[in-house]
Amino acid sequence: MIRKMLSFPLAEGVLDELSKPQVLAIGQFDGLHHGHASVIQTAVNLSREQGIQAAVLTFHPHPKEVMRKGDYQGYLTPLKEKEAILEEMNVDVMYVLEFNESLSSLSPEQFVNQFLIKLGVQTAVVGFDFRFGHKGAGDENTLRELGAPSMNVITVPPLRLDGDKISSSFIRKALHEGNITEVTRMLGRPYSFTGIVMDGEKRGRTIGFPTANVEPSENYVVPLKGVYAVWVTHNKRRHPGVMNIGVKPTFHDNRTKPSFEVHLLDFSGDLYGEELKVELIHFLRTEQKFSSIDALIAQIKQDSETASQLLSGDSQN
């Protein structure tokens with residue numbers, strides 16, 4: 001898959017080089033959940049039927065991050081992860097359009113005429129709640145009217161699972177509540193993050209449970225503070241583990257920034273400086289302050305045993 005980074009105002013000749021018949025799925029697609037996948041798969045299937053290019057147009061940074069509006073608190077799928085998932089979905093080209101002041105001020109007419117038509121889009125595929133243009137003035141019907149007759153528009157209806165409408169906002173809310181089962185169901189895969197193991201307090205090894213202090217590589221959505229059963233991928237090998245997200249109140253009174261401490265259940269060795277991918281599988285309990293180190297050790301032992309039992313029956317093992 002080819003990735004093309006674009007920014008308004010576009011340099012002269014950029015669209016001439018990119019212009020070709022194509023089916024284009026348009027959206028933010030943060031999370032690439034089942035609902036997003038239905039939009040993108042529709043575009044890919046159409047492109048294959050027509051023998052033309054399958055493309056996805058997404059925006060970065062997230063508009064809510066730039067505009068400081070709404071419930072934005074990080075990414076479900078940062079750009080690098082979004083790219084990897086789209087490649088698995090057989091998308092040919094990923095256009096990443098920088099969301100900046102110039103882009104946000106474009107009218108729906110300007111976006112269609114100056115970008116989509118010139119790009120050679122024959123069919124645009126969007127979700128039912130698609131909005132575009134300055135202050136979200138355009139919707140699917142606006143897109144259809146402005147694109148006619150050279151560009152068709154297909155709107156994919158909302159996807160529901162057991163009656164629940166899938167949305168990125170719903171997934172964020174579930175993460176903040178520690179409802180990992182619901183998150184996995186909506187995403188179609190475990191929620192995960194990648195990061196580098198940094199030098200930590202090294203307190204875990206002194207109490208018999210060495211942990212890797214993982215610094216997330218991107219601005220991810222932070223789940224509810226607490227303890228999770230996780231799968232950890234290191235050098236293409238997956239290990240069962242238990243992770244604490246939080247401020248470690250047994251040892252700190254005034255810390256606010258959460259840390260991500262992972263204890264691998266079947267690994268011994270130095271992970272400092274290594275990259276890990278952590279998949280959240282089960283939520284075990286909320287973070288708590290213990291009255292003594294012995295009480296903490298007893299709880300960590302219990303958490304590790306619980307995580308081991310849960311993960312041993314996991315089909316992804």
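In this predicted model, helix α4 (residues 79–88) lies across three strands, namely β1, β3 (53–60) and β4 (93–98), and runs at about 155° to β4. Those strands belong to an open sheet of six, lined up in the order β1-β4-β3-β2-β5-β6 with parallel pairing. At the edges stand β1 (2–6) and β6 (152–156); each has a single partner strand, so one side of each is left without a neighbour in the sheet. From one strand to the next, the twist averages 25°.

Over by the β6 edge, strand β5 (residues 121–127) pairs with β6 in the parallel sense, over five bridges. To pick out one spot on that seam, glycine 127 has valine 156 in β6 as its bridge partner. Helix α7 (residues 140–147) lies across β5 and β6, and its run makes about 165° with β6.

Next come two helices that meet each other. The axes of helix α8 (residues 168–176) and helix α9 (residues 180–187) come within 8 Å and cross at roughly 155°. An angle over 145 degrees counts as roughly antiparallel, and that makes α8 roughly antiparallel to α9. As for handedness, α8 passes α9 in a left-handed crossing. On the α8 side, the contact is made by Phe170, Ile171, Ala174 and Leu175. The α9 side brings in Ile180, Glu182, Val183, Met186 and Leu187.

Helix α9 also leads over to another group of strands. Here six strands close into a barrel, following the order β9-β10-β13-β12-β11-β14, and this time the pairing is antiparallel. The twist in the barrel averages 45° from one strand to the next. Packed on this sheet is α9, which touches β9, β11 and β14 and whose direction makes about 130° with that of β14.

Strand β9 (residues 191–198) is a handy place to look at the barrel in detail. Most of this strand is covered, with six of its eight residues buried. On one flank, β9 pairs with strand β14 (residues 275–286) in the antiparallel sense over six bridges; within that pairing, threonine 194 has lysine 277 of β14 as its bridge partner. Another pairing, also antiparallel, joins β9 to strand β10 (residues 212–216) over four bridges, and here methionine 198 stands opposite asparagine 213 in β10.

Aromatic rings add a further layer to the picture. The structure holds seven aromatic pairs. One pair, formed by phenylalanine 193 and tyrosine 220, is edge-to-face, with 6.0 Å centre to centre and 65° between the planes. Phenylalanine 193 lies in strand β9 and tyrosine 220 in the loop between β10 and β11 (226–234), so the pair ties together parts that are 27 residues apart in sequence. Buried here means under 20% relative accessible area. Phenylalanine 193 is buried, because its value is 3%, and tyrosine 220 is buried too, with a relative accessible area of 6%. Elsewhere, Phe8, Phe111, Phe115, Phe130 and Phe132 form one aromatic cluster.

Notes
Residues numbered from 1 in each chain as written. Predicted model: local features only at pLDDT ≥ 70, side-chain atom pairs only at ≥ 80, totals over all residues. Heavy atoms only, no water. Buried < 20%, exposed > 50% of the residue type's maximum accessible area, 1.4 Å probe, protein only. Helix = DSSP H or I, 4+ residues; strand = E, 2+ residues; numbered from the N terminus. Pairing = 2+ DSSP bridges. Phe/Tyr/Trp six-rings, centres within 6.5 Å; stacked < 30°, edge-to-face > 60°. Axes fitted to C-alpha atoms, helices over the stretch in contact; angles between N-to-C directions. Contact = heavy atoms within 4.5 Å. Parallel < 35°, antiparallel > 145°, perpendicular 65-115°, else oblique. Left-handed = near helix turned anticlockwise from the far one by under 90°.
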